[in-house]
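The following explanation leads the reader through a model of two chains, from overall dimensions to individual contacts. It is best read with the structure open alongside.

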Amino acid sequence: MKFNLVPIAAFVAAALATSAAYAQKKYDPGASDSEIRIGNTNPYSGPASAYGTIGRTIAAYFKMVNEQGGVNGRKVNFISYDDGYSPPKTVEMARKLVEQDQVLFLFQTLGTPCNTAIHKYMNMQKVPQSFVATGATKWNDPRNFPWTMGYQPNYQTESRIYAQYILKEKPNAKIAILYQNDDYGKDYLKGFHDGLGDKAKTMIVKEVSYEVTDPTVDSQIVQLQTSGADVFFNITTPKFAAQAIRKAYDIGWKPLHFLNNVSSSVGSVLTPAGLDKSVGIITTQYGKDPTDPEWKSDPGMLKWTAFMKKYYPEGSLIQAENVYGYGAAQTLHQVLKQAGDNLTRENVMKQAASLKDFTTDVALPGIRINTSPTDFAPIQQMKMAKFDGKTWILFGEIMGSN
Amino acid sequence: MSKRQILMIAILLAAACALPFVVSNYRTFQFTLVLVYAIALLGLNMLTGYNGQISLGHGAFYAMGAYCTAILMDKFGVPYWATLPAAGAVCLLVGFLFGLPALRLEALYLALATFALGVSLPQLLKYKHFEEWTGGVQGIVIQKPEAPFGLPLKPDQWLYFFTLAVAVVMFFIAWNLLRGRVGRAMVAIRDNHIAAEAMGINSAIYKSLTFGVSAMYTGVAGGLSAIAVQFVAPDSFDIFLSIKFLIGIVIGGLASITGAVFGALFIQFIPNIADEISKAAPWAIFGVFLIVFIYVMPLGIYGAIRIAMARLARNAAK
C-alpha cells in the first residue's frame, strides 16, 4: 500500500495552524492586549546612585518604544523603584512589584548583593529575574535557578579570555596575580585558573590578595615583582588599580599587564595612575565607549546619541552606563518581540533563552548575544584593547569562551 | 494605667491583629518591617531620648543582631525563634562593654565614637577571617519560617504575628522600665547628671546599662529583620541605617514609647513616597518631608498628638 502524502501533509498543516491559533494570546499577570508591565529596582539614592542612570535610560528607551507604537501593539509600562543599593529594600520593592504591581517579570535589577537577596524569592514565585545588572557568574545557573538570567560578560568569562590570550601569545609566561579578597576577586581568579587549565599550576608563580579596607597595595606589588613574573593580572577595583599601575611603574617592574574591565575607565583609573605609566596595559571591552572618537560616525552610536537627545536629554553623553542601559533595553525589546502574543512568564524565559546571534546598536561590531536553555549568559564575547597613552585601541579577534 | 488607656491599647492591638487579614501579603511584610523598626527605635530612644546619649551607630547593633540570627540559623540549625534571645544577649554585652569607655565621652564626642562603630562594622563583616561565618560580601541567605502547629496562616502573616508578639513583649518591658525608678534615674541623668549623682544615682552604671539595654533592643530588631528579609549582607547595614534610626526617633517623638511606632512608620513609608514623587532626586524629596515634619511638629508626631489632645480637652472643659 502506498500512502498519499498530500492529505497527511494537509492534515498536519491544519493541525499546526489550529494549535498556532490556540497558542495565540496567552497572558500571565502583567500582560494584556494593551500593556506589558515590567518591574525594576535601581539605586536612585544612596552610595551607588551613580548607577541609577541605567534605570532612567531604560525608562527613556521604553518611552521611545511606546511612542513608536509599542511592542506588537502593546505599550510597555516600565515600573522602577529606588532600592538605594540596600538588599532589604530590594526585597521589599521586588515583592511590591510582583505582588502588588503584578508585573510580568523583573528586568535589570541592579547589584550583586541586591540580586542575591531576591534570587530565591523570584525563583520560588517563578517570576523571571531577567538580564540582571551584575557581573557575578552565579546568575548563569539554569538548572538550580531557571528564572534568573545574567546579561553582561561575567567575571569568569573575561578572565578566561586573558588566559586564552596568554596561552596563545606567551605560553611560557610566569604570571603574578593581585586580587581583591571578595566574591568579585575570587570569581575572576577562578575563571583564570579554569582558562589556564592544567598549566595554571606551573604558570602562576605568585598570587597576592588585598582587602578593600587596605590603604594601599604597594607592598603587594613589591612582593609580586620579586617573584620574577613577567605577566601581571590586575584584578582590582578602580582606586587600587590606579595604585597598582603607578607602583609597578615606579619600582621599574614592566610585566605584560592585564587589567580587568571593572577598572578600565580612562578617566577614573588611568588618568590618576598616570597616562604615560599606563601605556601597554591590556583589557577587554564589549560595548562602544561613548568617548572613543572611533565611533563618532558609527550608525549605532548615532542612533544612541539621537535617542539620548530626544528621550533622555538630562542624561550624560559621555557616561558608559547610559550606553549600557540602552543595550540592555534593546535586548529585552528583542525578547518581547519574539514572545509575540504568548506573554507568559514561562515564554518570556524561553525567549530570553533562545536569542540567536542578536546584536545591539551599542555592542562592539562582531559581538553576538546567544543564549540557550543551558546557557543563561547572554554576552560572552569581548574584544581585547591596548592602551596607547590616550585611549584604548581595540585589537585582535572577538574573543569568547564557550 | 487608666481605663481609657487600657481601652486604647486593646483597640490598637485588635486592629494590629486584624491587619494582615485585610491587606495583601506584600503590605503585611511592610508592616512587619514597621514593627521591627519600632523595636529598634524604642531601643535608640531609651539611649538618646531618655538618657541623652546620642548614638550615630545603632545600625551596627542592628547588624550584629541580624548576623547572630542568620549565623545561628544557617550554620548551627537553630530554630528562628530561639535565635532572638541570643541576638539580644550578644548585643546587650557588646553594648554594655562599648558603653563603659563611652562614659567619658559627652554628647558630640559620643556621637562620633558611635559613628565610628557604625561605619566600621559593615567592613568588618567582610573581613576574611570572619568570612567562614559571615559569608563575606555574599552575605547569608536563610529560610523563611512557616506557620507552626498547622495554623492556617501564610508565612508572611505568621511572621507578622510573631514579630507583633515580640514587639508587644519588648514594649511592655520598656514601659515597665521607663516609667519607674529606672526611667526617672535615666531622665535625671539626661537633664543634669551632677544633680542626679547628688541624689545618689550611680550615673556610670546607669549610663552603661542603658547603652546595653538599648543595644539589646536594636539587636533583637536586627534579628527579626534578618528572619523577615531572609538575607543579610554587609551592604544592608550601611551608615545611613543608623542615621535613619536617629531620624525615626526625632520624628516619632523623643523620650516617648509610642513615638517609636510613628517613627517606624515614617522611616518605612516616606522614602517610598519620595521615590514615587521623583526618581531624579528622591533624597531631596525626603529632605523636604523631614523639614516639614520638624517644622510643623517640633516635638515629633507623638508630641503633636499630645498637644492636640490637650487642646481638645481644654476646649471641652470650657
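**Domains, sheets and contacts in a two-chain model**

This is a predicted model. Between the centres of domain 1 and domain 2 of chain A, taken over C-alpha atoms, there is a separation of 30 Å. Each of these domains is built from two stretches of the chain: domain 1 of chain A comprises 35–153 + 296–371, and domain 2 of chain A comprises 155–285 + 384–400. Where the two domains meet, seven residues of domain 1 are in contact with eight residues of domain 2. On the domain 1 side of that contact, four residues are nonpolar, three are polar and none is charged.

The overall dimensions of chain A can be set beside this division. Chain A contains 13 helices and 13 strands, and its C-alpha atoms fill a box of roughly 80 × 60 × 45 Å along the principal axes. A compact globule of 402 residues would have a radius of gyration near 21 Å, and the 23 Å of chain A agrees with that value.

Within chain A, an open sheet of four strands follows the order S3-S2-S4-S5, with parallel pairing. S3 and S5 (129–130) of chain A are the edge strands, each pairing on one side only. Strand S2 (residues 35–42) and strand S4 (residues 105–107) of chain A pair in the parallel sense over two bridges. A:Ile38 has A:Phe105 in S4(A) as its bridge partner. Lying across S2, S3 and S4 of chain A is H3(A), which runs at about 175° to S2(A).

A second strand pairing in chain A has the opposite sense. Strand S12 (residues 381–387) and strand S13 (residues 392–400) of chain A run antiparallel and are joined by seven bridges. A:Phe387 has A:Trp392 in S13(A) as its bridge partner. The hairpin of S12(A) and S13(A) has four residues between the strands, and A:Gly389 takes a positive phi near 105° there.

Chain B has 14 helices and two strands. Its radius of gyration is 20 Å, close to the 20 Å given by the globule rule for 318 residues, so chain B is as compact as a globular protein of that length. The C-alpha atoms of chain B fill a box of roughly 60 × 50 × 45 Å along the principal axes.

One helix pair illustrates the packing within chain B. Helix H3 (residues 58–76) and helix H5 (residues 107–125) of chain B pack at an angle of about 30°, with their axes 8 Å apart. Because of this angle, H3(B) is roughly parallel to H5(B). H3(B) contributes B:Gly59, B:Ala60, B:Ala63 and B:Tyr67, which meet B:Leu117, B:Gly118, B:Leu121 and B:Leu125 in H5(B). By class, this helix contact has six nonpolar, two polar and no charged residues.

The last step is the contact between the chains, which takes 27 residues from chain A and 26 residues from chain B. On the chain A side, the elements that give two or more residues are strand S3 (75–82), helix H3 (87–100) and helix H4 (112–125) of chain A. H3(A) gives the most to this side, with eight residues. This helix thus has two roles in the description: H3(A) lies across three strands of the sheet, S2, S3 and S4 of chain A, and H3(A) also gives residues to the side that touches chain B. By class, the side of chain A that touches chain B has 10 nonpolar, eight polar and nine charged residues.

Conventions
Residues are numbered from 1 along each chain as its sequence is written. Chains are lettered from A and ligands numbered from 1 in the order in which they are written. This is a predicted model: local features need pLDDT of at least 70, side-chain atom pairs count only at pLDDT 80 or more; totals for chains, interfaces and linings use all residues. Axes are lines fitted to C-alpha atoms, for helices over the stretch in contact, and angles run from 0 to 180 degrees between N-to-C directions. Angles under 35 degrees count as roughly parallel, over 145 as roughly antiparallel, 65 to 115 as roughly perpendicular and the rest as oblique. Ala, Val, Leu, Ile, Met, Phe, Trp, Tyr, Cys and Pro count as nonpolar, Asp, Glu, Lys and Arg as charged, and the others, Gly among them, as polar. Domain bounds come from an automatic or database domain assignment. Two strands pair if DSSP finds at least two bridges between them. The radius of gyration is taken over C-alpha atoms; the globule rule is 2.2 Å times the number of residues to the power 0.38.
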